[in-house]
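Biologist: I'm new to this one. Could you pull it up and walk me through it?

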Amino acid sequence: MSISNGKSISLKELAALCGGRVVGDENVVVSSIASLDVAKAGELTFLTGTKNFSDISESLKTNKIAAVITSENIPDLPVPSIRLKNPHLGLIAALNFFRKEVKISYKIHPTAYVSESATVASDAIVGPNAVVEDGAIIGAGSHIEGTAYIGRFAKIGSNTHIHPGVKILDDCVVGSNCIIHSNTVIGSDGYGFAQEQGQHIKVPQLGNVIIEDNVEIGACVTVDRATMESTVIGEGTKTDNHIHIAHNVKIGKKCLIVAQVGIAGGATIGDYVVIAGKAGIIGHVHIGTGSTILSCGIVTNNVPEKSYISGFPAKPHQEELRIKGALRKLPDLIKRVKNLENKIDEEK
């Protein structure tokens, strides 16, 4: 699939947008971009690695690809290229340039409900069948898409995009320049019950959720409100889809959290932490700044700064690898022990 919006740009102009340098003819003009395996004649494409480089180089020439965005250390190519230390910045610039513009003909759609006591900035957009409840505040340039729900006294900062079906429940705060994808729920009740005479008695969850600026939250994520204070997601953090963040969790700045992660109540996460897919963190532990939890790791204790851990329970990754290596030898070890036992029995 090619990405195009009818506009064209020269390599010189695109390089200026992303801070790259052109190798070859800077006057080449492109009007679409496609991935390397489907790019057609005259299109721009993207290359990061040198695996099968000779085949790729020949394909670029045979398919008459117009130009390539790539890194500084890629060998010479048979077509013009834009070179960057981080080629993904060039890809981002190209995708943003070729993004199709969406023109919206309304500010507040006639089918939306906006409370008389809500405050909606004059340049904000509220889509079809969206709801903005009493006392809610929608900041300048923000876009509340159709069927989204903004609860009572919730606050949305400026230039934030709330996708269809998102629920921002009462008293929750979302910062500026955030993106929240479809069907995510911000401010659902934390999971708290007290037991009395065989009954589970609900603990009221009266806190809120605070999402700081420049956060992106994937689809179908649930972020529970705190019992009495705030569940917090720090500035610049990005989450994937299908994640559960429980009540009173505190997540630091610029963390990366991948799909199907579960973080139990009261856990605290430092800045720049990476949590890979399907990892789990029990309640009330602390993950130190700069740490990485590998896929399916289960954290049961506090984690020092800059740790690199995996396994269940999570431990330093090299230690986990040694354990896994030893386990693979276990069947042979059992067989050897059995043979030794049989030999001893025969010698009796």
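Biologist: In what order do the strands of the open sheet run?

Modeller: Keep in mind that this is a predicted model. The open sheet is built from ten strands, and their pairing is parallel. Going across, the order is 7-10-13-16-19-24-27-30-33-36.

Biologist: Which strands stand at the edges of the sheet?

Modeller: An edge strand has a single partner, so one of its sides is left without a neighbour in the sheet. That fits strand 7 (113–114) and strand 36 (298–299).

Biologist: What is the bridge partner of Val114 in strand 10?

Modeller: Strand 7 pairs with strand 10 (residues 131–132) in the parallel sense, over two bridges. In strand 10, Val114 has as its bridge partner Val132.

Biologist: Which residues touch the most other members of the largest nonpolar core?

Modeller: That core has 49 residues. One of the top residues is Ile275, and even leaving aside neighbours within four places in sequence, Ile275 is in contact with Leu256, Val261 and Ile293, among others. The residues touching the most other members are Ile168, Ile211, Ile263, Ile275 and Ile281.

Biologist: Which helix gives the largest share of the nonpolar patch on the surface?

Modeller: The patch is formed by Ile323, Leu327, Leu330, Leu333, Ile334 and Val337, with about 500 Å² of accessible area together. Helix 4 (317–328) and helix 5 (330–347) each supply at least two of its residues. The largest share, four residues, comes from helix 5.

Biologist: Is Ile323 buried, partly exposed or exposed?

Modeller: Ile323 sits in helix 4. Buried would mean under 20% relative accessible area, and exposed over 50%. Ile323 has 33% relative accessibility, so it counts as partly exposed.

Technical notes
Residues are numbered from 1 along each chain as its sequence is written. This is a predicted model: local features need pLDDT of at least 70, side-chain atom pairs count only at pLDDT 80 or more; totals for chains, interfaces and linings use all residues. Side-chain values use heavy atoms; hydrogens and water are left out. Patches are made of residues with over 30% relative accessible area and no salt bridge: like charges are joined within 9 Å, nonpolar side chains (Val, Leu, Ile, Met, Phe, Trp, Tyr) within 5 Å. Accessible areas come from the Shrake-Rupley method with a 1.4 Å probe; for residues, only the protein chains shown count as cover. A salt bridge is a side-chain nitrogen of Lys or Arg within 4 Å of a carboxyl oxygen of Asp or Glu. Buried means under 20% relative accessible area, exposed over 50%, partly exposed in between (1.4 Å probe, protein chains only). A nonpolar core is a set of buried Ala, Val, Leu, Ile, Met, Phe, Trp, Tyr and Cys residues joined through side-chain atoms within 4.5 Å. Contact means heavy atoms within 4.5 Å. Two strands pair if DSSP finds at least two bridges between them.
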